[in-house]
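Welcome! Here is a short briefing to help you find your way around the structure below.

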Amino acid sequence: MKKNNFWLIIGIASAVAVAAAALTAFFIVKDKQKKDDEELMEYLDNSIE
């Protein structure tokens, strides 16, 4: 029974780590895309003038 609990805890910890990594990557990509969009809009605004 103790061996099963050990693997259960390892599995849960791994799932939490994977979820945290996925969320972090998602927010980093989203932030970069937002910055790129802002830079593009600024460039377009300046090029029109």
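**Briefing: one helix and its surface**

At 47% relative accessibility, Glu38 counts as partly exposed, a label for values between the cut-offs for buried (under 20% relative accessible area) and exposed (over 50%), found with a 1.4 Å probe and protein chains only. This is a predicted model, in which local features need pLDDT of at least 70 and side-chain atom pairs count only at pLDDT 80 or more, while totals for chains, interfaces and linings use all residues. Residues are numbered from 1 along each chain as its sequence is written, and side-chain values use heavy atoms, with hydrogens and water left out.

**Overall picture**

- The protein has 1 helix and 0 strands, where helices (H or I, at least four residues) and strands (E, at least two) are DSSP runs numbered from the N terminus.
- Its C-alpha trace spans about 70 × 5 × 5 Å along the principal axes.
- Of the 49 residues in the protein, 0% are buried.
- About 4800 Å² of the protein is exposed, and carbon and sulfur atoms supply 69% of that area; accessible areas come from the Shrake-Rupley method with a 1.4 Å probe, and for residues only the protein chains shown count as cover.

**Charges and patches**

- The protein carries 6 positive and 8 negative charges, and their mean positions are 25 Å apart.
- For this count, Lys and Arg are positive and Asp and Glu are negative, while His and the chain ends are not counted; each charge is placed at NZ of Lys, CZ of Arg, CG of Asp or CD of Glu.
- Glu38, which lies in helix H1, joins Asp37, Glu39, Glu42 and Asp45 in a surface patch of negative charge.
- A patch is made of residues with over 30% relative accessible area and no salt bridge, with like charges joined within 9 Å and nonpolar side chains (Val, Leu, Ile, Met, Phe, Trp, Tyr) within 5 Å.
- There is also a nonpolar surface patch, formed by Leu40, Met41, Tyr43 and Leu44, with about 420 Å² of accessible area together.
- Tyr43 belongs to helix H1, which covers residues 2–48, and Tyr43 counts as exposed because its relative accessibility is 57%.

**Salt bridges**

- Side chains of opposite charge can pair when their charged atoms come close.
- The structure holds 2 salt bridges, each defined as a side-chain nitrogen of Lys or Arg within 4 Å of a carboxyl oxygen of Asp or Glu.
- One links Lys35 with Asp31, whose closest N and O atoms are 3.7 Å apart. Both residues lie in helix H1, 4 residues apart, or about one turn of the helix. Lys35 is partly exposed at 47%, and Asp31 is partly exposed at 39%.
- Another links Lys32 with Asp36, with the closest N and O atoms 3.3 Å apart. Here too, the partners sit in helix H1, 4 residues apart, about one turn of the helix. Lys32 counts as exposed at 51%, whereas Asp36 is partly exposed at 35%.

**Aromatic pairs**

- How many aromatic pairs does the structure hold? It holds 2.
- Phe6 and Trp7 have ring centres 5.2 Å apart and planes at 75°, so this pair is edge-to-face.
- Rings of Phe, Tyr and Trp (its six-membered ring) pair if their centres lie within 6.5 Å; planes under 30 degrees apart count as stacked, over 60 as edge-to-face and the rest as tilted.
- Phe6 is partly exposed at 45% relative accessibility, while Trp7 is exposed at 52%.
- Phe26 and Phe27 have ring centres 5.4 Å apart and planes at 65°, so they are edge-to-face as well. Phe26 is partly exposed, with a relative accessible area of 46%.
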